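Visitor: Please show me the structure, and then let me ask about its parts.

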Amino acid sequence: MEVDDNIQRAEAAAFTIPAEAPESDGTAEWSSTTLILVRLEAQGQIGLGYTYAHECCVPLMRATLFPIVLRKNPLSIATLWNEMNTAVRNFGRNGVASSAIAAVEMALWDLKARLLKLPLVQLLGAVRESIPVYGSGGFTSYSEQQLCRQLSQWVSEGITMVKMKVGRSPDLDPERAAAARRAIGGSAQLFVDANGAYSAKQSLRLAAAFSEQNVRWFEEPVSSDNLPGLRFVRERTPLLSVFHVGRNDSDMDIAAGEYNYDLRQARAMLEEQAVDVLQADATRCGITGFLQMAELCEAFETPLSAHTAPALHAHLCCATRRARHVEYFFDHVRIEQMLLDGPTTDHDSGCLRPDLGRPGFGLDFKSKDAEKFKVNI
């Protein structure tokens, strides 16, 4: 490849988008979300990448990551991925640094696919045409009426699985889950996400109550850092089927993994037998990390679920055999529809389908629409 064919320009910017109203889950509260955007240019093509993280990713990218990728072959993703990870060793790789690398690496993959004139899913190797989504929101800051309205709206749109947040007021959680079940009817699947708010034994008590509403997915009942605690809960929740004599659909999956920034964390979770379904988030672990975790799921015969950022994960999950579904997260759906032009996150009867007529992720950034949210860094 000629020198002029290498990456000639790299840009990063942060955009903070206010939430429609203050939101919360079992362990956190927020009123805005920050999107970090990366653009890499080579041969007249621009690759786009992004993550949801702190604005401090931008100076890290400019000072440490962009010098690694500039004037380099845009097709050499594995080499650049390794060099970026080495460069942040002394900063503490997991967390902000990993998210920054993920956005740059996403832009590299998008650029490579655009240069080859392929949609990313075909570059990776498609295994399916579409991937189911589950509607995700139901924040603990919502009133019961808001909760039921949001979940039932998704079901009316053809989404057959919906998730609500729990954990902030444990004594009220069974009642809220019952209200959600009434709102969505008996056919849709109901998921709950505690974001690590419960203790292990408390999780079992709440799981028994959730089982009465046929909850099929219990995410992070305890902290993801507590692998023995996750395994304790996972090994005991299948016994909840005794509450429904004659039924075999009441067992619930224990899920976690959204905070796994690297392969070692994911492997530890699987080796500990801590989850029934492993979650992965390419905006934190990168596309390379996501694909590595997918390979782990193959080895451990464990399903994989993509955490948030549906516009990104549609391509990845359609190229991943063990993928079960993508989280259709309210905040990210809203932001991606506001700021990204292309197929973004419009679902078709509860599934996302990558556009095979557009190269890369098939996304363009709406710079004019985003300008009012830009953070000066």
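The questions below go through strands, cores and a pocket.

Visitor: What kind of model is this?

Guide: Residues are numbered from 1 along each chain as its sequence is written, and side-chain values use heavy atoms, with hydrogens and water left out. Local features need pLDDT of at least 70, side-chain atom pairs count only at pLDDT 80 or more, totals for chains, interfaces and linings use all residues, and the model is predicted.

Visitor: How many residues of strand E11 are buried?

Guide: Strands (E, at least two residues) and helices (H or I, at least four) are DSSP runs, numbered from the N terminus. Buried means under 20% relative accessible area, exposed over 50%, and partly exposed in between, with a 1.4 Å probe and protein chains only. Strand E11 covers residues 323-329 and is mostly covered, the buried count being six of its seven residues.

Visitor: Which residue of E11 is the bridge partner of Ser 136?

Guide: Two strands pair if DSSP finds at least two bridges between them. Strand E4 (residues 131-136) is parallel to E11, and four bridges join them. In E11, the bridge partner of Ser 136 is Phe 329.

Visitor: Which residue of E11 is the bridge partner of Leu 304?

Guide: Strand E10 (residues 304-306) also runs parallel to E11, with three bridges. Leu 304 has as its partner in E11 Ala 323.

Visitor: What is the hand of the β-α-β unit that E10, helix H11 and E11 make?

Guide: A crossover is right-handed if, with the strands pointing away from the viewer, the path from the first strand over the helix to the second runs clockwise. Helix H11 spans residues 310-317, and the unit of E10, H11 and E11 is right-handed.

Visitor: Which residue of E5 is the bridge partner of Ser 136?

Guide: E4 is mostly covered, with five of its six residues buried. E4 pairs in the antiparallel sense with strand E13 (residues 351-352) over two bridges, and there Pro 132 stands opposite Cys 351. E4 and E5 pair in the parallel sense, over two bridges. In E5, the partner of Ser 136 is Lys 163.

Visitor: Through which helix does the chain cross from E4 to E5?

Guide: This β-α-β crossover is right-handed. The helix on the way, residues 144-156, is H5.

Visitor: Which helix gives the largest share of the largest nonpolar core?

Guide: A nonpolar core is a set of buried Ala, Val, Leu, Ile, Met, Phe, Trp, Tyr and Cys residues joined through side-chain atoms within 4.5 Å. The largest one has 119 residues, and Leu 40, Tyr 50, Met 61, Phe 66 and Phe 210 have the most contacts inside it. The largest share of this core is 12 residues, and they come from helix H3 (residues 93-115).

Visitor: What is the relative accessible area of Val 192?

Guide: Val 192 has its place in strand E6 (residues 189-193). Contact means heavy atoms within 4.5 Å; leaving aside neighbours within four places in sequence, Val 192 is in contact with residues including Phe 210, Trp 217 and Glu 219. Val 192 is buried because its relative accessible area is 0%.

Visitor: Which strand gives the most to the lining of the largest pocket?

Guide: On a 1 Å grid over the protein atoms alone, a cavity is a set of points where a 1.4 Å probe fits but cannot get out, and a pocket is an open set with protein on both sides within 12 Å along at least five of seven lines; lining residues have an atom within 4 Å of a point. The largest pocket is lined by 30 residues, of which Tyr 52, Tyr 259, Arg 284, Phe 329 and His 332 lie nearest its centre. The most from one element is four residues, given by E2.

Visitor: Which residue of E2 is the bridge partner of Glu 23?

Guide: An open sheet of four strands has the order E3-E2-E1-E15, with antiparallel pairing. Within it, 12 bridges join strand E1 (residues 9-24) to E2. In E2, the partner of Glu 23 is Trp 30.
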